[in-house]
Amino acid sequence: MVKIKKFVKDKNIGKEKKPVAGALPASAVKSKKAYNSLRGMHDILPREEKYWKTCFHSAENLAEHFQFGRIETPILEEAGLFVRSIGRGTDVVDKEMYIFEDNDGDKVCLRPEATASVVRAFINHGMFNYPQPVKVWYWGQMFRHDRPQAGRYRQFHQVGFENFGDKDPAADAELILIAYNIYKDLGVPVEIHINSIGNLEERGRYRAELLNYYRGRRAYLCDDCKARLSKNPLRLLDCKETQCQPIKEEAPQIIDWLGEESKKHFMRVLEYLDELAIPYILRSSLVRGLDYYTNTVFEVYPITGEGTAQSALGGGGRYDLLVEEMGGRPTPAVGMALGIERSISVWKQYNDTNKIEMPVKRAEVFFAQLGEQARSRTMKIINDMRKSGLKVGFNFFKNSLKSQLELANNHKIPFAVILGQKEVQDGTAIIRDMESGVQEIVDQKKVESVIKKKLNKA
Ligand code: AMP
């Protein structure tokens with residue numbers, strides 16, 4: 001007999017509590033207002049799980065294959081981390097960061113991207129002492145207070161891969177290969193847009209030349225580009241306004257400003273892509289928004305058959321100076337991040353969503369039960385079976401045997417175990433082969449071993 005403990009009354013129940021500083025006013029707590037998620041933020045429902053899980057599994061498998069270890073960094077960081085690494089004059093830092101003061105008065109920020117955090121972690125944990133290269137991957141939410149529109153959210157997910165300590169072009173190519181493989185797994189054809197923005201000096205000389213060229217045409221530029229002239233001239237090449245296109249097309253190209261070493265590095269990356277048969281397009285206007293890139297920069301686009309898609313699925317590049325810039329030892333590095341929401345959305349466009357299945361194995365045996373006692377016995381047996389590595393299906397919500405067996409049938413589960421009142425009494429269970437309909441009665445203690453034998457798992 002189970003003893004039920006007496007309920008001890010909390011002395012404070014019913015007493016009026018003093019309001020706590022900073023707490024919501026009572027009126028707000030009592031209001032029956034229905035809340036919505038914040039603009040640009042969304043819930044991910046169970047019906048979406050198969051897409052998220054598949055993406056995660058594909059990334060995880062590739063990470064394992066290419067020997068990247070999983071890293072997780074906090075979502076909240078010191079705001080200065082991103083200002084310094086991404087740089088002022090970029091949209092992310094100037095307009096899109098979720099910055100606020102916490103209760104200690106510290107300026108903190110919801111991460112807009114994770115490379116800066118991973119670099120911080122690399123330095124904090126002295127990872128330059130690890131055997132090089134240090135290869136890590138992450139998966140998580142990012143936050144940018146951008147204007148929400150199709151494929152652009154304020155909270156979104158990225159999967160990212162970072163390689164520290166390897167300056168060889170093979171490391172750049174490896175990341176591109178991983179991105180390419182992820183989309184191959186999903187059945188989405190992609191192409192890589194690629195460019196080199198050289199080292200700091202080469203870029204500096206190019207920037208001066210670009211400024212010179214654009215300044216002479218200032219009157220014909222859109223307002224954003226006029227601002228970019230003083231804030232971030234390289235971003236002039238990102239402009240999508242029609243009036244700026246003819247000017248952009250005639251603009252000097254960075255490739256002509258690259259020195260021998262940068263050119264050689266870039267050519268080697270392209271040779272790898274040729275060897276791997278990864279389709280790519282040389283795009284001289286590709287600079288990527290962030291300050292920290294050096295040499296190779298790339299973006300991944302779905303091949304639409306109607307020209308280049310509007311938005312990239314992901315992108316990345318080399319950032320050989322960032323670790324040092326952030327206070328670490330000089331360490332070459334290369335990384336990339338892919339947007340999950342956009343990838344899933346494109347994936348759905350390219351595939352029959354009905355044919356996409358969960359990447360996990362379906363249940364191998366289904367437990368059907370009839371009656372209260374059978375249900376509690378079933379719960380015990382399926383828990384033991386789960387521990388022994390069997391994938392077990394059940395549904396305690398449905399009471400009729402017919403509807404439970406229908407479920408097993410719909411999910412193509414090969415065997416069902418049936419437990420009713422009688423079986424509970426005499427310690428037996430019925431095992432049903434779902435395909436032939438043949439049933440046999442076995443001892444409850446032997447259910448697990450009989451099922452394993454039938455599944456060739458014994
Ligand atoms: P970025 O480093 O900014 O180029 O971002 C890499 C990828 O993350 C993009 O190609 C998108 O797939 C995804 N991404 C970036 N910003 C957003 C956003 N606001 N909403 C959804 N996905 C985004």
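Where does Pro133 lie in this structure?

1. **Pro133 and its place.** The model is predicted, so features are read from computed coordinates. Pro133 is in the loop that runs between H5 and strand S5 (134-143). Look at the bond just before this proline. Gln132 and Pro133 are joined by a cis peptide bond. Its omega is about -5°.

2. **Another loop to check.** Gln67 is not a glycine, yet its phi is positive, at about 60°. Find Gln67 in the loop between helix H2 (49-65) and strand S1 (69-70).

3. **Two helices that cross.** Next, turn to helix H3 (residues 79-86) and helix H5 (residues 115-124). Their axes come within 9 Å. They cross at roughly 105°. Angles of 65 to 115 degrees count as roughly perpendicular. H3 is therefore roughly perpendicular to H5.

4. **Who makes that contact?** On H3, the contact residues are Leu81, Phe82 and Ser85. On H5, they are Ala116, Ser117 and Arg120. Sorted by class, the contact of H3 with H5 has 3 nonpolar residues, 2 polar and 1 charged. H5 also has a link to the first point: the loop holding Pro133 lies between H5 and strand S5.

5. **The residues around the ligand.** Now move to the ligand. There are 13 residues around it. Those that come nearest are Arg144, Tyr153, Gln158, Arg288 and Leu313. By class, the shell around the ligand divides into 5 nonpolar, 4 polar and 4 charged residues.

6. **Polar atoms facing the ligand.** Which atoms pair with ligand oxygen? Start with Arg288. An N or O atom in its side chain is 2.9 Å from an oxygen atom of the ligand. Leu313 uses its backbone instead: a backbone N or O atom lies 2.8 Å from a ligand oxygen atom. Gly339 also offers a polar backbone atom, 3.4 Å from an oxygen atom of the ligand.

7. **How much of the ligand is covered?** Taken alone, the ligand exposes 480 Å². The protein buries 89% of that area. Two elements each give two or more residues to the shell around the ligand: strand S6 (155-164) and strand S11 (333-339).

8. **What to look at again.** Three places are worth finding in the structure. One is the cis bond between Gln132 and Pro133. Another is the crossing of H3 and H5, at roughly 105°. The last is the ligand, with Arg288 and Leu313 beside its oxygen atoms.

How values were computed
Residues are numbered from 1 along each chain as its sequence is written. This is a predicted model: local features need pLDDT of at least 70, side-chain atom pairs count only at pLDDT 80 or more; totals for chains, interfaces and linings use all residues. Side-chain values use heavy atoms; hydrogens and water are left out. Axes are lines fitted to C-alpha atoms, for helices over the stretch in contact, and angles run from 0 to 180 degrees between N-to-C directions. Helices (H or I, at least four residues) and strands (E, at least two) are DSSP runs, numbered from the N terminus. Angles under 35 degrees count as roughly parallel, over 145 as roughly antiparallel, 65 to 115 as roughly perpendicular and the rest as oblique. Contact means heavy atoms within 4.5 Å. Ala, Val, Leu, Ile, Met, Phe, Trp, Tyr, Cys and Pro count as nonpolar, Asp, Glu, Lys and Arg as charged, and the others, Gly among them, as polar. A residue is near a molecule or strand if one of its heavy atoms lies within 4 Å of it. A polar contact is a pair of N or O atoms within 3.5 Å; within protein, one must be able to donate a hydrogen and the other to accept it, and residues adjacent in sequence count only if both atoms are side-chain atoms. Accessible areas come from the Shrake-Rupley method with a 1.4 Å probe; for residues, only the protein chains shown count as cover.
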